[in-house]
Amino acid sequence: MSETGINEGDSAIEGHRVEGRDKVTGTARYAFEHPVADAVYAYPLQAPIANGQIGALDAAEALAMPGVIAVLWGGNTRPFGGKDFELSLFHRSEVTYRGQLVGAVIADTQENARAAAAAVRVDYTPAEHDVVLRADHPGLYRPEKINPGLPTDTGYGDVAAGLAAPVLAGTGARVDVTYTTPVQHNNPMEPHAAIASWDSASEHGAGTLTIYDSTQGPSADRDTIATVLGLDPGRVRVISPHVGGGFGCKGTTRPHAILAAIAADAVGRPVKVALTRQQMFTLTGHRTPTIQRLQLAADVDGRLTAVAHDVIEHTAVRTEFAEQTAACTRVMYGTRAMRTTHRLARLNVPAPSWMRAPGETPGMYALESAMDELAVALGMDPVELRVVNEPAAEPGTGRESGLPFSSRNLVACLREGADRFGWAGRDPRPGVRRRGRWLAGTGVAASTYPARRRPSTAAVDKLDGEAVDGEYEVRIAAADIGTGARTALGEIAASVLGVDAERVRVILGDSDLPDAPLAGGSMGTASWGSAVAAACEALLKDGAHGTADTTDDVAGDSGWARHSFGAQFAEVLVDPLTGEVRVPRLLGVFAAGRIINPVLARSQFIGGMTMGLSMALFEETAVDAAAGSFVGQDLAQYHIATCADVPSVEAFWIDEDDPHLWPGGGKGIGEIGITGTAAAIGNAVYHATGRRVRDLPITPAKLLAPV
Ligand code: MOS
């Protein structure tokens with residue numbers, strides 16, 4: 001096994017992105033920027049109540065305002081048969097969350113539409129709402145499955161006996177602690193936007209629909225839009241060549257795209273919709289808050305005798321989203337007994353959705369914080385505690401698989417990270433190190449994320465026939481959301497074709513290209529790369545053209561537990577007077593299979609770690625129980641880490657040569673970097689101060705609160 005220090009090579013020169021020039025010169029077009037003749041603008045009307053009924057709508061005043069073309073609502077738009085509550089716009093009489101779309105104003109400019117929206121009068125009959133998640137919520141229920149189809153509860157062994165074992169033996173230790181995490185929101189740089197146009201607008205709904213959308217997956221977006229509108233998918237085309245970030249919030253079709261489509265149908269002209277930053281907080285999903293009880297027990301040598309991870313989270317009234325928060329615990333550590341459970345409360349909130357490593361991010365925060373508490377209780381080094389609990393096989397996926405790991409290098413990551421960070425000789429006593437007025441501490445946590453792929457198709461052509469130095473064109477409905485997918489896929493194609501990457505052009509971001517899965521679940525490169533590589537192999541046999549469909553290959557992905565692992569080390573400084581926390585240093589070492597492009601990979605790891613730091617210290621969407629709403633819906637109040645907050649984030653990796661993955665050998669790198677980071681920082685804050693804050697984010701107020 002070789003180790004690649006990304007700070008040591010010169011790959012920054014080789015690692016440029018093929019669309020880099022277009023982006024920095026402003027010629028790369030994002031969803032809202034495509035030139036479309038004769039377009040008008042739609043501005044959403046959102047319910048100001050969290051529960052109740054919609055009554056009459058009076059648009060007279062709005063319709064008389066400058067530039068206003070139409071006011072759309074349930075009373076004047078064509079009903080369609082969509083089942084998705086949030087996407088089947090305007091034809092629900094009930095409101096189940098504050099911010100629900102009830103109509104839209106269409107005008108000649110965005111400003112005129114927005115001004116007129118304030119003049120539309122809508123009658124509501126409000127009812128009692130409930131937006132606060134509590135551990136004793138009377139509506140808690142057990143969902144049938146958790147995402148993405150995993151068992152809700154799992155268990156093996158005698159958990160009660162395992163938890164009691166250290167007490168009975170009079171040695172070892174146990175912890176029983178509860179962590180809470182808040183509502184969080186994706187905030188990519190590019191807000192969601194769409195432009196919709198019908199090619200025969202005079203016949204309502206009869207033509208074909210073209211949508212420029214900010215999406216993580218053109219094929220899936222097309223399919224969802226077609227289903228919601230009751231159209232054959234062949235009549236919908238989604239175009240999305242560049243996407244300004246998306247951490248899951250662009251992974252499912254959002255209401256703005258449906259709004260653009262039905263508004264364009266209604267007025268017979270192309271319609272543009274750009275969500276404001278504030279509207280994103282109700283219309284583009286969020287990470288569920290969690291309440292997580294962790295019970296761990298270990299013998300005197302630190303070997304786990306029981307692990308119980310019981311999760312409470314929320315979902316929406318009409319949409320179930322069951323985040324897989326404890327699923328990570330099923331793969332992490334060997335133990336004699338384990339239980340994982342998930343319970344949901346249906347609240348008057350928009351449906352939660354994906355946000356970078358949904359499940360693993362809050363779950364690993366809780367598990368890895370509890371492991372640190374157990375290490376403290378045992379008087380054991382937290383790196384060693386993790387090492388002694390390294391399992392021989394996957395402990396319990398809920399299928400009770402006991403599957404062997406295709407490769408697992410958590411211990412190597414911990415050792416390498418400890419070396420690089422300078423962990424050896426760490427004084428475990430909390431609250432005893434000063435640096436000037438600051439209290440100093442260090443912490444460690446593990447990371448994990450599944451390595452999966454989905455079926456994909458792809459096509460490749462040699463563009464100029466027999467020319468030896470010809471060019472190749474790869475076509476696939478993949479999405480480059482800022483990750484560098486276009487660049488990485490070109491490199492994968494080039495390596496199979498045996499040519500320089502400069503000779504391969506990758507066309508993506510269009511649902512008319514060969515169908516492909518989402519940029520999501522850290523599966524993009526493996527899914528698309530499998531298809532691109534297979535298409536290139538087919539071309540080598542044919543000479544000029546190749547296509548591939550990896551459905552059968554992917555169906556054979558069984559028999560191994562495939563996961564990435566990592567170790568994160570954090571150094572913090574805490575001001576004992578103000579409670580301010582600084583993180584002068586974060587260092588991660590990851591084992592994520594073969595790294596396809598070091599520069600792009602480094603960006604993903606560092607980006608994930610930065611988002612984890614942001615989660616630890618800043619990110620929280622406050623919930624207003626009285627108003628039934630999320631509050632602080634902008635970047636002034638929803639704090640996200642800035643450059644000044646992350647003076648040093650270093651990412652390293654261990655190359656894994658894992659023969660049980662796809663031919664390119666990568667495990668996926670988009671999400672592992674955020675998992676575990678918040679725990680490493682929380683553990684360092686404890687080490688610095690002796691205060692264990694179990695409620696994210698770790699704010700000055702919580703650190704200064706009387707014990
Ligand atoms: Mo990511 S939450 O898989 O887009």
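The turns below go through a predicted model and ask how several descriptions of it are reached.

User: What kind of model is this, and how are its residues numbered?

Analyst: It is a predicted model, in which local features need pLDDT of at least 70 and side-chain atom pairs count only at pLDDT 80 or more, while totals for chains, interfaces and linings use all residues. Residues are numbered from 1 along each chain as its sequence is written, and side-chain values use heavy atoms, with hydrogens and water left out.

User: Why is Gln324 called buried?

Analyst: Buried means under 20% relative accessible area, with exposed over 50% and partly exposed in between, using a 1.4 Å probe and protein chains only. Gln324 has 7% relative accessibility and therefore counts as buried. Gln324 is placed in the loop between β17 (304–316) and α9 (329–332), where helices (H or I, at least four residues) and strands (E, at least two) are DSSP runs numbered from the N terminus.

User: What makes the approach of Gln324 to Pro358 a polar contact?

Analyst: A polar atom of the Gln324 side chain lies 3.4 Å from the backbone oxygen of Pro358. A polar contact is a pair of N or O atoms within 3.5 Å; within protein, one must be able to donate a hydrogen and the other to accept it, and residues adjacent in sequence count only if both atoms are side-chain atoms. Contact in the wider sense means heavy atoms within 4.5 Å, and, leaving aside neighbours within four places in sequence, Gln324 is in contact with residues including Ile146, His342, Pro358 and Glu360.

User: Is Ala39 buried or exposed, and why?

Analyst: Ala39 counts as buried because its relative accessibility is 17%. Ala39 lies in the loop between α2 (20–25) and β2, and, not counting residues up to four places away in sequence, Ala39 touches Arg269, Pro270 and Lys272.

User: How do you know which strands β2 pairs with?

Analyst: Two strands pair if DSSP finds at least two bridges between them. Strand β2 (residues 40–46) is joined by two bridges to β15 (residues 271–274), running parallel, and by six bridges to β6 (residues 101–107), running antiparallel. Within these pairings, Val40 has Val271 in β15 as its bridge partner, and Gln46 has Leu101 in β6.

User: What makes β5 and β7 edge strands?

Analyst: Three strands form an open, antiparallel sheet in the order β5-β3-β7, and β5 (94–95) and β7 (121–126) are its edge strands, as each pairs on one side only. Strand β3 (residues 52–58) is joined to β5 by two bridges, and Gln53 stands opposite Glu94 in β5.

User: How many cavities are there, and what is the volume of the largest?

Analyst: On a 1 Å grid over the protein atoms alone, a cavity is a set of points where a 1.4 Å probe fits but cannot get out, and lining residues have an atom within 4 Å of a point. There are three cavities of 30 Å³ or more, and the largest has a volume of about 70 Å³. Its lining includes Ile54, Phe85, Glu86 and Arg92.

User: What classes of residue line the largest cavity?

Analyst: Its lining has seven nonpolar, two polar and two charged residues, where Ala, Val, Leu, Ile, Met, Phe, Trp, Tyr, Cys and Pro count as nonpolar, Asp, Glu, Lys and Arg as charged, and the others, Gly among them, as polar.

Notes: 1 Å grid on protein atoms, 1.4 Å probe; cavity = no way out; pocket = protein on both sides within 12 Å on 5 of 7 lines; lining within 4 Å. Points joined across faces, edges and corners; volume = space filled by probe spheres on them.
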